[in-house]
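Me: I have a model open and would like to talk through some of its local features with you. Could we go one piece at a time?

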Amino acid sequence: MFLRSSRLTKTSTQWRGLLIVRRGYASSSGSHAENIRNIALMAHIDSGKTTLTESILHTSSYLVAPGSVDTGSTTTDFLPAERERGITIQSASIPVKWKDWTFNLIDTPGHVDFGMEVESASRVVDGAVVLLDAVEGVEGQTKGVWRQLDRHSVPTRMIFLNKLDRPGASVHNSISSILNHRLHPNPLVLTLPIASFDSSRYKTGEPGLEGIVDLVNWEIWRWHASRESTHAPAEKVERIPLPRTEEELKASQLFNTDHPIIPEILEARQGLIDNLSVLSPELMETFVELPETPSPYLTLTTQALMSSLRQLTLDRAILPIICGAALKHVGTDILMDFVGELLASPIDVAKTSSSTAIGSKKKTAIKRPDQLQMLAWKVSWDKRKGWMTFVRVYSGTLQGQSGLLNTTSGQRERASKVMLLYASQPEEVQSLSFGSVGVVLGLKHTRTGDTLTSLNAGSSDATLRSIVPPPAVISASVVPHSQADVQPVQEALAALSRTDPSVRVTEDAEEGQTLVHGLGALHLEIVEGRLRDEWGVKVQFGKRRVSYRENFGYEGEEGVETRSRWERDVGGKRVGATVEMKVSALVGDASRSEELNKQAIDSWGGSLVSISETAGDELEAFPSPESTSFNHTLYPSTSPITAVLQGVLGALSSSPHTMLPLSHLNISITSFELDQGSPPTTLTAAATDALRQALFKAGPGQVMEPYINVKIDVGEEGVGKVVRDLTENGGEILDLAEGSNSATAGGEEEGIGPYSSEGIYLPPKWVTPSSASLEAKSGGASFKRSVRAVAPLGKMLDYSSRLRAVSGGQATFEMSVEGFRPVGDMRRLEILKEMGRA
């Protein structure tokens, strides 16, 4: 358990580089499950996640002085590459004690190239704090992480509006962008920023953040700026209860009598209670039964409000909004209080959740609450400790030195040590209880997404929903420096792909090369550096190549039906198998409304493979046998179903027309039969033959190219050049928005209108005076424009240098994956020539 630390007397500058206050030995993970909050910080890149993590650690007395991203001294960004680049590359977990709660806090990357880290964190958390840069509003990767949270049904979420002390920050525009981008129909402001307690600064439009009004607890938090610098963290905070009548509030000495915030906080409180009352009959009844007073909205108790807020947050009926500035530690205390009060505990999730394994119609919830069940959500390698497996305990208690069964692979494991990990600092414990997040040492075979139970669990099919890595979009050849380096490089690649499942390694038999596939150019750059730095191998990567695909050539709904009868003489004995299947194009988002089908489609790289286990049975979607979500316990390598799927996998790896991998196929295996005495590999050959027959009958499909969403912020004078460069390189312009804050764009991109703001309390723009001042000075227009477009990834690998040239270094850009799109005949010929296949 945590021990509260005493503050050290040395100054923060004397303690730079030695920031962690270590805890004493903990015998177990300690906290009761109802007080545990498993949460992740998620956001677009540069929204302040790591800075907020440092602020939380400092505010909770874990750190004597917070680290800084700029100086590379943060606690959770401890990899050399993270400190050198100033970005988060891998998710980092750290337990934080705050009041009666224990937060298992996971800081995640914001860059799309490291989406696997966000995917795995989303799978095991019960709540998420999504940060918005209040200057920018909802951005590309904000929507990306929101979709990941939806995919894993993360039950509770809240928004932290960060950087409200910056010029151009706007609460109004940020909340409008939440509605316009359809993150949630009912964002609810729980705190309101006070730019200054001096009303004159609202007239001059100066940026700042001196206080926060807590509309729920009805109090003001006032931070006093540091004497060293206006950009330094606040030194002192006052917590001041607000009067419970309007007359007393207006007569109080907190503000100047003409301060505009006084009537606004009354309106904000009324908007909060009205919105909650509509959704909570209990609160409405409590409110109606209040004795008649001149200020009924102010007399409603905090307890009544908090009870309704928590239930509605658990029901996802509201999206709480908290304001602050993490760099100055403004609002961090309030955020942690609301995280503890509103976000779900493991007990809340256990009451409502059930999980089904892909490829099995059986429910996989554990039969007894005391029976151990864990999910391995991350695997890392340490030179001294060996393999470190991050786990979330879903039931029971894990003891050190205990035997485990990996129900995904069917292998037995032994947990040599159980630990809590404070970023890079481990602390051994004797056990991990229900709801805890920790690290297990000694697991030799477990991979990300595997389910672990105790050896005496008595159920080998108790498998939790796994974690499927995003599809790779780019590859590079692996070039060892010498022949002696080939074997060490292969071993290092195998180890690295275990720590990062989004890294795939394949062999190109035609060119005799090993290829490594990843989520982007930066991802491959980091992988190359890790191979050299962490595994010490001598290697370099060749030229980056985009991963193209081919789809199914026949577009008719009826598809192509084939039957393969495969017979051979093996060792003087006749063996045979029969496979029948129907193949058609996977149009649109077929079956994607079902989460299990979605996970299966992702595991095949965009195709859906379904099998009828026995004649007449309903077709059931199965994941790829190479994915972490495939249940090798139910379907071992000798299983006929596994053999059939291996045959499909082999045929999908290379089109007979272009040699490209195949995608967007809907494959239904209606029957299969293995002759008596024949090995399962006969079914594999029959399935491969059946699918290749279908591909030949359908003819060549369209070549598909990965596309990306790109947003460029550029001055008015550079818009024309930027647009011209994009269109000349195959880009399609979606929008030319005014300003960097994306409040004016959103759901229209998907052809769906924004959520209505009717009935939603939107603070007026002057609440953040610098944003209102900037708009007034520019006549309502922005000095910059945001160009939004989609473009082929292959044409954007060198975009950083191209944009620098066309904009004179005065533009910034961001990218996110959009998906695969078919290309025209001219582009198809270019691609095939580029690959030497035309």
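Me: Happy to start with a loop. In which loop is Ser-61 found?

Reply: Glad to help, and please keep in mind that this is a predicted model. Ser-61 has a positive phi of about 70° although it is not a glycine. Most residues other than glycine have a negative phi. As for its place in the chain, Ser-61 is found in the loop between α1 and α2 (80-85).

Me: Is Ser-61 buried or exposed?

Reply: The relative accessible area of Ser-61 is 12%. Buried means under 20%, so Ser-61 counts as buried.

Me: Where is His-664, and what is its phi?

Reply: His-664 is found in the loop between α17 (640-652) and β31 (665-674). With 22% relative accessibility, His-664 counts as partly exposed. The phi of His-664 is positive, in a residue other than glycine, and its value is near 60°.

Me: Let's go to the helices. At what angle do the axes of α1 and α12 cross?

Reply: Helix α1 covers residues 49-59 and helix α12 covers residues 332-342, and their axes come within 10 Å. On the α1 side, Leu-52, Ser-55, Ile-56 and Thr-59 meet Thr-332, Asp-333, Leu-335 and Met-336 in α12. By class, this contact has 4 nonpolar, 3 polar and 1 charged residues. The axes cross at roughly 85°.

Me: Which residues of α12 make the contact with α11?

Reply: Helix α11 (residues 302-314) packs with α12 at about 70°, with the axes 9 Å apart, and that makes α11 roughly perpendicular to α12. From α11, the contact is made by Met-306, Leu-309, Arg-310, Thr-313 and Leu-314. The residues of this contact divide into 5 nonpolar, 1 polar and 2 charged. On the α12 side, the contact is made by Phe-338, Glu-341 and Leu-342.

Me: Now the sheet, please. Which are the edge strands?

Reply: The open sheet has 8 strands in the order β16-β15-β21-β12-β13-β20-β17-β18, with antiparallel pairing. From one strand to the next, the twist averages 40°. The strands that each pair on one side only are β16 (412-415) and β18 (425-429).

Me: What is the bridge partner of Asn-406 in β21?

Reply: Strand β15 (residues 402-406) and strand β21 (residues 451-454) run antiparallel and are joined by 3 bridges. In β21, Asn-406 has as its bridge partner Leu-452.

Me: Which strands of the sheet does helix α14 touch?

Reply: Helix α3 (residues 115-124) packs on the sheet, and its direction makes about 150° with that of β12. Helix α14 (residues 486-499) also packs on the sheet, with a direction about 140° from that of β12. The strands touched by α14 are β12 and β13.

Me: And the aromatics: what is the centre to centre distance of Phe-287 and Tyr-297?

Reply: A search of the whole structure finds 11 aromatic pairs. Phe-287 and Tyr-297 form a tilted pair, with 40° between the planes. Phe-287 lies in helix α9 (residues 281-288) and Tyr-297 in helix α10 (residues 296-299), so the pair ties together parts that are 10 residues apart in sequence. The rings lie, centre to centre, at 5.0 Å.

Me: Last one: which residues do ring pairs link into a cluster?

Reply: Phe-630 and Tyr-635 form a tilted pair, 6.1 Å centre to centre with 45° between the planes. Phe-630 is buried at 1% relative accessible area, and Tyr-635 is buried at 10%. The cluster linked by ring pairs is Phe-622, Phe-630 and Tyr-635.

How values were computed. Residues are numbered from 1 along each chain as its sequence is written. This is a predicted model: local features need pLDDT of at least 70, side-chain atom pairs count only at pLDDT 80 or more; totals for chains, interfaces and linings use all residues. Side-chain values use heavy atoms; hydrogens and water are left out. Axes are lines fitted to C-alpha atoms, for helices over the stretch in contact, and angles run from 0 to 180 degrees between N-to-C directions. Helices (H or I, at least four residues) and strands (E, at least two) are DSSP runs, numbered from the N terminus. Contact means heavy atoms within 4.5 Å. Ala, Val, Leu, Ile, Met, Phe, Trp, Tyr, Cys and Pro count as nonpolar, Asp, Glu, Lys and Arg as charged, and the others, Gly among them, as polar. Angles under 35 degrees count as roughly parallel, over 145 as roughly antiparallel, 65 to 115 as roughly perpendicular and the rest as oblique. Buried means under 20% relative accessible area, exposed over 50%, partly exposed in between (1.4 Å probe, protein chains only). Two strands pair if DSSP finds at least two bridges between them. Rings of Phe, Tyr and Trp (its six-membered ring) pair if their centres lie within 6.5 Å; planes under 30 degrees apart count as stacked, over 60 as edge-to-face and the rest as tilted.
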